[in-house]
Number of protein chains: 2
Amino acid sequence: MQMDERKRKILRAIVQDYIATAEPIGSRTIARKFDLGVSPATIRNEMADLEDLGYIEQPHTSAGRIPSDAGYRYFVDCLMDPQVLNDEEKEIIERESTKRIQQIQEVISHTSKLLSELTNLTSIVLGPHKAKSAFGKMHFLPYQPGQVIMVIVKENGVVENHIVDVGENITAEELQKVAGVFNQKMRGYSLDHVKRSLLHEIYSELSRQRHLIDNTLDMLSTILDDSEEEDRVYLGGTLNILNQPEFKDLSKVKTLFKVFEENEPLKKLLHPNQEGLNVTIGGENTLKEFQDCSVISANYKVNGITIGAVGVLGPTRMDYAKAIAIVDFMTRSLTEVLTRRRR
Amino acid sequence: MQMDERKRKILRAIVQDYIATAEPIGSRTIARKFDLGVSPATIRNEMADLEDLGYIEQPHTSAGRIPSDAGYRYFVDCLMDPQVLNDEEKEIIERESTKRIQQIQEVISHTSKLLSELTNLTSIVLGPHKAKSAFGKMHFLPYQPGQVIMVIVKENGVVENHIVDVGENITAEELQKVAGVFNQKMRGYSLDHVKRSLLHEIYSELSRQRHLIDNTLDMLSTILDDSEEEDRVYLGGTLNILNQPEFKDLSKVKTLFKVFEENEPLKKLLHPNQEGLNVTIGGENTLKEFQDCSVISANYKVNGITIGAVGVLGPTRMDYAKAIAIVDFMTRSLTEVLTRRRR
DNA sequence: GTTAGCACTCTCCTTCAATGAGTGCTAACA
DNA sequence: TGTTAGCACTCATTGAAGGAGAGTGCTAAC
């Protein structure tokens with residue numbers, strides 16, 4: 001059995017209606033709502049075929065049909081009219097992107113908020129990859145006796161500050177020397193690379209100033225441990241899923257929210273290593289908690305290098321056309337903003 | 001009608017049992033579970049009195065009694081056995097407080113997490129008050145052409161960095177001068193005070209270097225706008241409330257979580273301006289969303305000055321003795337840690 | 001003052017039947 | 001041969017009815 005034009009029309013009608021109403025749809029309703037020029041009986045026959053093909057299913061005998069994961073997949077791949085954002089939405093995103101923003105983290109968190117507001121879904125944004133981001137420059141500033149502020153500027157523009165213990169008798173000049181060594185040896189290298197290859201070199205360089213080495217050990221581990229830390233995941237609009245009828249069951253909400261508290265599974269959802277825009281539908285998700293959810297995700301870049309990912313998460317019954325359009329536009333905008341920042 | 005010893009015993013029994021089971025409790029059950037030496041009938045008579053006094057109420061005629069807000073209040077004020085933490089709990093908190101912590105923000109967020117874990121309630125922690133925190137010192141570091149990193153050290157130990165536009169032709173010496181003026185004029189004063197009283201003085205000082213003033217204006221507004229920003233509120237264990245039977249209704253959860261997304265109402269809950277430990281029960285909360293919740297809150301200090309507040313939020317049916325003990329111990333520990341950091 | 005006994009109330013649970021939406025099948029039709 | 005009308009059938013949902021159970025307040029006896 002093959003898909004023909006009429007089957008496609010009917011499948012599209014089912015998916016669109018189910019996305020809009022969240023109610024199973026029957027043959028009579030399709031005939032009434034969508035002008036296909038055939039009677040409910042004919043539609044019934046076609047629906048039986050579509051069910052055989054695995055594109056739709058029946059919650060129970062006397063209910064209408066709903067799309068299966070495969071049905072959504074077919075819809076996304078073949079049936080969907082690609083959508084472009086309306087001017088209002090574009091303007092909102094663009095207004096946001098022209099704001100004077102100080103730090104990359106702020107850009108990311110705004111993005112997350114905006115995504116969830118525009119889609120009415122839950123947004124997941126993966127911040128810049130710490131261990132992979134290149135070390136830029138290091139500075140020391142006085143803090144209080146025995147401690148200094150270590151300011152680290154990454155090449156992607158992120159600025160971090162750490163407070164480190166140095167002991168009371170280290171001098172400003174000595175700190176200068178330490179910073180000099182770090183800056184000279186590590187500039188442009190990712191922290192991953194430092195840890196794997198450069199540690200020895202830095203030590204041997206510093207060991208000429210024997211009494212410095214204990215302190216610098218601490219500093220290095222501060223920097224590197226920090227890079228070990230989870231890359232931050234920004235969530236937005238988690239409450240939006242409470243509006244979806246598929247989550248009127250509290251226990252579902254609970255398991256989902258529990259996963260939201262952990263970073264690792266969320267990262268996985270975004271396929272941060274896959275290029276381009278990805279649509280993952282229902283059971284295609286590897287995590288069982290998300291098997292009735294779909295995820296639209298895409299990467300953002302700085303200077304052509306992928307540094308993070310954004311996505312939206314919602315029930316499989318989501319408005320794919322709109323969500324895809326928004327995620328797509330958003331990653332482009334984000335890539336542009338971040339690249340612009342670096343001049 | 002007066003409270004006598006037996007009435008107190010019965011009220012205590014009702015509150016304790018209801019806290020443990022979340023089920024209305026009847027006279028027969030009280031007689032069975034608690035060894036009061038009287039029959040259910042006697043207890044019934046006393047319960048009728050307690051209801052007249054407003055300490056307990058009946059959800060409906062044929063159900064047992066549950067404590068009213070006034071009942072909880074009486075329990076907390078007069079009946080409760082004050083609890084001390086067990087060694088395990090103490091150890092957990094103390095282990096946390098001896099960790100090497102870099103920044104005050106981390107201490108606060110750990111506190112929030114710990115509070116919610118120990119109490120199984122939702123924790124709310126109000127970070128250090130920005131506008132009221134005193135300016136300490138300012139430094140400039142190079143960033144990229146036309147922008148510099150402005151590092152600000154508050155007197156409470158908080159370190160912030162901002163990126164500011166300065167135009168391409170400002171020199172390092174000029175920045176030094178600007179920092180000098182800021183440091184000299186603002187040190188030790190709260191940003192509130194700077195905004196109210198010192199702005200003029202700083203401008204007139206800087207106007208000697210005419211061409212600097214535009215840039216410094218920007219910097220000042222960066223600092224001061226930031227102080228306008230919401231003081232951050234840290235929430236922990238929001239999912240814990242989903243385990244409470246009183247929140248099995250999704251719409252309740254939704255309204256509550258909606259409030260969680262805003263800072264202002266949460267701050268109000270903590271009574272950050274009230275000294276000592278506060279217990280706010282049910283209807284005593286001014287926000288209608290929280291009228292079936294109770295809040296235990298207390299202030300923490302640095303060097304004797306209140307700079308923030310912590311609290312736990314749960315259903316009125318919470319384990320007050322335990323929650324109070326934990327919040328109390330936690331604020332003391334936090335105060336101690338933060339004071340120690342400053343040496 | 002305390003207690004046993006009892007009628008009464010009200011929620012909760014189960015059962016049962018009616019309703020209605022939707023289907024698949026068959027036979028008639030173009 | 002594809003389309004349609006008609007019809008019997010299925011099954012979730014709704015609401016009513018009735019019984020069980022928990023708990024109360026009142027009365028009378030101790």
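Which atom of DNA strand D is 3.5 Å from a polar backbone atom of B:A63? In this predicted model, the atom is a sugar or linking oxygen of that strand. The report below sets this contact beside others made with the DNA, and then turns to the arrangement of the chains and to selected residues.

## Surface near DNA strand D

The residues around DNA strand D number 21, and those that come nearest are A:R6, A:T42, A:T61, A:S62 and B:S27. By class, this surface has 13 polar, 4 charged and 4 nonpolar residues. Three helices each supply at least two of its residues: α3 (40–53) of chain A, and α2 (27–33) and α3 (40–52) of chain B. The largest share, 4 residues, comes from α3(A).

Where the strand D atoms lie within 4 Å of the protein, 78% of them belong to sugar or phosphate, and the rest to bases. Individual contacts involve each of these parts of the strand. At a base, a nitrogen of DNA strand D is 3.1 Å from an N or O atom in the side chain of B:R44. At a phosphate, an oxygen of DNA strand D lies 3.0 Å from a polar side-chain atom of B:R65. The backbone of B:A63 provides the polar atom that is 3.5 Å from a sugar or linking oxygen.

## Surface near DNA strand C

DNA strand C likewise has 21 residues around it, with A:S27, B:R6, B:T42, B:T61 and B:S62 coming nearest. The class composition of this surface is 4 nonpolar, 13 polar and 4 charged residues. Of the strand C atoms within 4 Å of the protein, sugar or phosphate accounts for 78%, and bases for the rest.

Among the contacts with DNA strand C, a phosphate oxygen is 2.8 Å from an N or O atom in the side chain of A:S27. A phosphate oxygen of the strand also lies 2.8 Å from a polar side-chain atom of B:R6. A polar backbone atom of A:S62 is 3.1 Å from a sugar or linking oxygen of DNA strand C. Two or more residues of the surface are given by each of α2 (27–33) and α3 of chain A, together with α3 of chain B. Here the largest share, 4 residues, comes from α3(B).

## Relation of the two chains

A turn of 180° with a shift of 0.0 Å along the axis lays chain B on chain A with an RMSD of 0.1 Å. The two copies are therefore related as by a two-fold rotation axis. In chain B, B:L250 has the C-alpha nearest the axis, at 3.3 Å from it. Both copies use the same surface, since 100% of the contact residues of chain B recur in chain A.

## Domains of chain A

Chain A is divided into three parts: domain 1 (5–79), domain 2 (87–129 + 231–341) and domain 3 (135–228). Taken over C-alpha atoms, the centres of domain 1 and domain 3 of chain A are separated by 62 Å.

## Two buried strand residues

A:T122 is found in strand β3 (residues 122–126) of chain A. This residue is buried because its relative accessible area is 0%, below the 20% limit for that class. A polar atom of the A:T122 side chain lies 3.2 Å from the backbone oxygen of A:G237. Beyond its sequence neighbours up to four places away, A:T122 touches residues including A:L235, A:G236, A:G237, A:T238, A:I241 and A:F260. A:G311, A:V312 and A:L313 are also among the residues that A:T122 touches.

In chain B, B:M138 is placed in strand β4 (residues 135–144). B:M138 is buried, with a relative accessible area of 2%. Leaving aside residues up to four places away in sequence, B:M138 touches B:M150, B:V151, B:A179, B:F182, B:N183 and B:I223. The C-alpha atoms of B:M138 and B:I66 are separated by 58 Å, and the two residues are 72 residues apart along the chain.

## Loop residues with positive phi

Most residues other than glycine have a negative phi. A:N120 has a positive value near 60° and is not a glycine. A:N120 lies in the loop between α6 (104–119) and β3 of chain A, and counts as partly exposed at 48% relative accessibility.

B:H271, also not a glycine, has a positive phi of about 45°. The loop that holds B:H271 runs between α11 (263–269) and β8 (278–281) of chain B. With a relative accessible area of 24%, B:H271 is partly exposed.

Terms used:
Residues are numbered from 1 along each chain as its sequence is written. Chains are lettered from A and ligands numbered from 1 in the order in which they are written. This is a predicted model: local features need pLDDT of at least 70, side-chain atom pairs count only at pLDDT 80 or more; totals for chains, interfaces and linings use all residues. Side-chain values use heavy atoms; hydrogens and water are left out. Copies are superposed by least squares on the C-alpha atoms of residues with pLDDT of at least 70 in both. Contact means heavy atoms within 4.5 Å. Domain bounds come from an automatic or database domain assignment. A residue is near a molecule or strand if one of its heavy atoms lies within 4 Å of it. A polar contact is a pair of N or O atoms within 3.5 Å; within protein, one must be able to donate a hydrogen and the other to accept it, and residues adjacent in sequence count only if both atoms are side-chain atoms. Ala, Val, Leu, Ile, Met, Phe, Trp, Tyr, Cys and Pro count as nonpolar, Asp, Glu, Lys and Arg as charged, and the others, Gly among them, as polar. Buried means under 20% relative accessible area, exposed over 50%, partly exposed in between (1.4 Å probe, protein chains only).
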